[in-house]
Amino acid sequence: MDIRKGDRLVMKKKHPCGANEMIVLRTGMDFKLRCAGCAREFMIPRSKAERSVKAVSRPDEGSEGSEGTEDTEGTEGGRS
Ligand SMILES: [Zn+2]
């Protein structure tokens, strides 16, 4: 499965907050995901991530490599 940073993943299971979409913050051996509902961030192993993803939606194909492509509900690094 082709999952990239900035993708929005539709998960098979809902997060406890009720959202079933996760935003990919980082890929690699582990994926770093942020819940689109509650903005919680967590790491899960790639194999587990791939099993739990139902669909990948990539709103903006063709802007690969740029930092600011993900939707910003709660900007990364904006914590005080
Ligand atoms: Zn959540």
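**Entry 1: β2 and β3**

I started with strand β3, residues 30-35, and its link to β2. Four bridges join the two strands, and they run antiparallel. The model is a predicted one, and I read it as such. I picked out one pair here: Met-22 stands opposite Cys-35 in β3. Then I looked at the turn. The hairpin of β2 and β3 has three residues between the strands. Gly-28 takes a positive phi there, near 150 degrees.

**Entry 2: β1 and its two partners**

Next I went to β1, residues 8-11. I checked β2, residues 21-26, as a partner of β1. The two pair in the antiparallel sense over three bridges. Leu-9 stands opposite Met-22 in β2. I had already noted Met-22 opposite Cys-35 in β3. I then looked up the pairing of β1 with β5. That pairing is antiparallel too, over four bridges. Which residue of β5 is the bridge partner of Val-10? I found Ala-55.

**Entry 3: the whole sheet**

I put the strands together. Five strands form an open sheet, and the order is β4-β3-β2-β1-β5. The pairing is antiparallel. Which strands stand at the edges? They are β4, residues 41-45, and β5, residues 53-57. Each has a single partner strand, so one side of each is left without a neighbour in the sheet. I also noted the twist, which averages 35 degrees from one strand to the next.

**Entry 4: Leu-33**

I went back to β3 for one residue, Leu-33, which has its place in that strand. Is Leu-33 buried or exposed? I counted it as buried, because it has 25 C-beta neighbours inside 10 Å and the cut-off is 20 or more. I listed its contacts, leaving aside neighbours within four places in sequence. Met-22, Ile-23, Val-24 and Leu-25 are among them. So are Glu-41, Phe-42 and Ile-44. I set these beside the strand ranges: β2 covers residues 21-26, and β4 covers 41-45. For Ile-44 I took the C-alpha separation from Leu-33, which is 7.8 Å. The two residues are eleven apart along the chain.

**Entry 5: the chain as a whole**

Last, I took stock of the chain. It has one helix and five strands. From the N terminus on, the elements run β-β-β-β-α-β. The chain has 80 residues, and buried residues make up 15% of them. I also looked at contacts with a separation of 6 or more. Residues 24 or more positions apart account for 30% of these.

Definitions and conventions
Residues numbered from 1 in each chain as written. Predicted model: local features only at pLDDT ≥ 70, side-chain atom pairs only at ≥ 80, totals over all residues. Buried ≥ 20, exposed ≤ 12 C-beta atoms within 10 Å, placed from the backbone. Contact = placed C-beta atoms within 7 Å. Pairing = 2+ DSSP bridges. Axes fitted to C-alpha atoms, helices over the stretch in contact; angles between N-to-C directions.
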